[in-house]
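Trainee: Hi, I'm new to this one. Could you walk me through it?
Mentor: Happy to. Let's bring it up and talk it over.

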Amino acid sequence: MAGQNAPKASPMRPALARFLLPGPVVALGVTQIVGYGTLYYAFGVLVPAISRDLGMSQGLLFGGFSAALLAGGLVALPVGRRIDRLGARRVMAAGSVAAAVALGAMALAVGPATLIAALVATQLASALVLYDAAFAALAQGLGSARARRAITQMTLFGGFASTLFWPLTEAMAGAIGWRATLGCYALVHLLLCLPLHLRLRASPDPEAMPAARLPARVWTPLPAASQARALGWLTLSLSTVGFVFAALTAQWVTALGALGVASGAAVAAGALMGPAQVGVRLLEMLFGQRLHPLGTAMISSLMLVAALALLLLGGSGPLTVALFAAVFGLAQGLSSLVRGAAVLALFGPDGFAARLGMIAIFRMTSGALAPVALAFALTLWRAEMAMFAALALAAISALALMMVPRA
């Protein structure tokens with residue numbers, strides 16, 4: 001009989017399914033490495049060479065980059081609405097072309113005005129191709145039931161962007177110059193990212209990965225009456241915790257140095273953050289899928305509170321600084337993936353990209369202002385007071401999460 005001849009389901013399948021990567025995850029993982037590597041991380045490596053060539057101070061260059069980040073945040077909402085209406089496939093494909101044009105314009109810049117205009121263009125393109133757009137692409141192409149695990153899997157790729165592109169950019173700039181390096185990166189967006197984005201699906205393929213092989217929990221969206229309040233508290237939480245992450249990441253050596261940590265020890269401790277981010281995302285993929293994303297967000301905020309408290313109470317010894325960096329990396333690794341999963345769980349797929357865009361306006365604005373704010377705080381206050389202010393913001397993030405209503 002057919003039923004007797006059917007192969008028995010292997011008990012290993014659910015475990016193995018955790019490691020299976022759908023095609024969209026791999027494609028978007030690659031484009032996120034390229035996107036963050038070329039549009040975000042490469043600039044900091046190229047600043048000294050650009051400064052010498054164009055006669056611009058490094059302060060002006062970083063100020064222009066902060067302004068560009070603000071511009072990218074301001075367009076996040078209209079970009080999200082277009083993703084909801086047109087589909088992530090079309091928007092991200094257009095973003096690949098825009099990224100190539102922007103990087104090409106940077107390579108051809110002849111002075112401060114053209115360089116900063118091109119910088120702004122790169123961050124406008126970023127809104128079309130980086131995490132929020134990719135989260136929406138996964139929700140549209142795989143469906144809500146599979147999106148959370150897919151988001152986690154994709155961010156595992158994204159965690160390697162700095163690891164790959166910092167040394168790559170330094171090596172290329174030394175060999176062929178910063179202009180040719182940016183020109184090569186523009187071609188990568190056209191020749192690699194554009195075809196990958198064009199292959200994305202606009203709706204789930206039920207045969208691509210049978211649901212029985214990949215059980216997932218779907219959370220009931222909030223009723224309409226609670227959604228505005230939930231979005232407000234979630235935005236506050238993600239913006240405050242993002243402020244702390246952005247401030248300390250940008251001013252890592254300076255902030256720890258103000259606490260009495262030698263620059264070499266600060267750099268060595270900072271090297272722990274990348275592995276911690278990737279490791280905690282892997283653990284979340286394996287064991288955290290049954291936990292509501294707000295629970296994951298709370299763990300991230302409390303880890304950040306614990307890391308800052310450890311730094312304030314434990315002194316500036318190597319062990320303390322290493323533990324601080326590791327826990328900070330764990331918290332940051334969870335935070336970067338939780339916003340997509342939380343928005344999907346709380347509000348469902350309708351208007352998903354637009355809500356991510358609304359949050360991004362505040363999150364990216366706070367992130368752009370954070371390094372400058374911490375620099376002023378370290379100038380005006382004792383370093384311990386600046387770290388205490390960061391601790392207070394992390395605690396506010398956790399309290400805001402407690403105010404988000406549940407279905």
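**A first walk through the model**

Mentor: Let's start with one residue: Thr122 is buried, with a relative accessible area of 2%. Keep in mind that this is a predicted model.

Trainee: Okay, where does Thr122 lie?
Mentor: Thr122 belongs to helix α7, which covers residues 112-129.

Trainee: And which residues does Thr122 touch?
Mentor: Leaving out residues up to four places away in sequence, Thr122 touches Leu39, Ala102, Leu103 and Met106.

Trainee: Let me zoom out. How many helices and strands are there in the protein chain?
Mentor: The protein chain has 19 helices and zero strands.

Trainee: What share of the residues counts as buried?
Mentor: The chain has 407 residues, and 52% of them count as buried.

Trainee: What about contacts between residues that are far along the sequence from each other, say at least 24 apart? How many are there, as a percentage?
Mentor: Take the contacts between residues at least 6 apart in sequence: 85% of these join residues at least 24 apart.

Trainee: Back to Leu39, which came up as a contact of Thr122. Which helix contact is Leu39 part of?
Mentor: That would be α3 with α4. Helix α3 (residues 23-54) and helix α4 (residues 58-74) have axes that come within 9 Å and cross at roughly 155 degrees. On the α3 side, the contact is made by Leu39, Tyr40, Phe43, Gly44, Val47, Pro48, Ile50 and Ser51. On the α4 side, Gln58, Leu61, Phe62, Phe65 and Leu69 take part.

Trainee: What does that angle say about how α3 and α4 are oriented to each other?
Mentor: Angles over 145 degrees count as roughly antiparallel, so α3 and α4 are roughly antiparallel to each other. Their crossing is right-handed.

Trainee: How do the residues of the contact of α3 with α4 divide into nonpolar, polar and charged?
Mentor: Ten are nonpolar, three are polar and none is charged.

Trainee: Let's jump to the other end of the numbering. How do α18 and α19 pack?
Mentor: Helix α18 (residues 352-380) and helix α19 (residues 383-403) pack at about 140 degrees, and their axes are 7 Å apart. That makes α18 and α19 oblique to each other. The crossing of α18 and α19 is right-handed.

Trainee: Which residues meet there?
Mentor: From α18 you have Leu374, Ala377 and Leu378, and they meet Ala383, Ala386 and Met387 of α19. The residues of this contact are six nonpolar, no polar and no charged.

Trainee: Now I'd like to look at helix α12. Is Ser237, in that helix, buried or exposed?
Mentor: Ser237 lies in α12, residues 224-250. Ser237 is buried, with a relative accessible area of 1%. Beyond residues up to four places away in sequence, Ser237 touches Ser301, Ser397, Ala400 and Leu401.

Trainee: What else can you show me in α12?
Mentor: Val244 is found there too, and Val244 is buried with a relative accessible area of 1%. Not counting residues up to four places away, Val244 touches Leu304, Leu308, Ala390, Leu393 and Ala394. Val244 and Ala370 are 126 residues apart along the chain, yet 7.1 Å separates their C-alpha atoms.

Trainee: Leu304 is on that list. Where is Leu304 placed?
Mentor: Leu304 is in helix α16, residues 293-314, and Leu304 is buried, with a relative accessible area of 0%. Setting aside neighbours within four places in sequence, Leu304 is in contact with Val241, Val244, Phe245, Phe328, Ala331 and Ala394. From Leu304 to Phe245 the C-alpha distance is 8.9 Å, with their positions 59 residues apart in sequence.

Trainee: And Arg229, also in α12? How accessible is Arg229?
Mentor: Arg229 is partly exposed, with a relative accessible area of 45%. Apart from neighbours within four places in sequence, Arg229 is in contact with Met403 and Pro405. Arg229 and Pro405 are 176 residues apart in sequence and 7.8 Å apart in space, C-alpha to C-alpha.

Trainee: Last topic: how many disulfides does the count come to?
Mentor: Zero, taking a disulfide as a pair of cysteine sulfur atoms within 2.5 Å. As for two cysteines you can look up, Cys184 is partly exposed at 32% relative accessible area, while Cys193 is buried at 1%.

Conventions
Residues are numbered from 1 along each chain as its sequence is written. This is a predicted model: local features need pLDDT of at least 70, side-chain atom pairs count only at pLDDT 80 or more; totals for chains, interfaces and linings use all residues. Side-chain values use heavy atoms; hydrogens and water are left out. Buried means under 20% relative accessible area, exposed over 50%, partly exposed in between (1.4 Å probe, protein chains only). Axes are lines fitted to C-alpha atoms, for helices over the stretch in contact, and angles run from 0 to 180 degrees between N-to-C directions. Helices (H or I, at least four residues) and strands (E, at least two) are DSSP runs, numbered from the N terminus. Angles under 35 degrees count as roughly parallel, over 145 as roughly antiparallel, 65 to 115 as roughly perpendicular and the rest as oblique. A crossing is left-handed if the near helix is turned anticlockwise from the far one by less than a right angle, and right-handed if clockwise. Contact means heavy atoms within 4.5 Å. Ala, Val, Leu, Ile, Met, Phe, Trp, Tyr, Cys and Pro count as nonpolar, Asp, Glu, Lys and Arg as charged, and the others, Gly among them, as polar.
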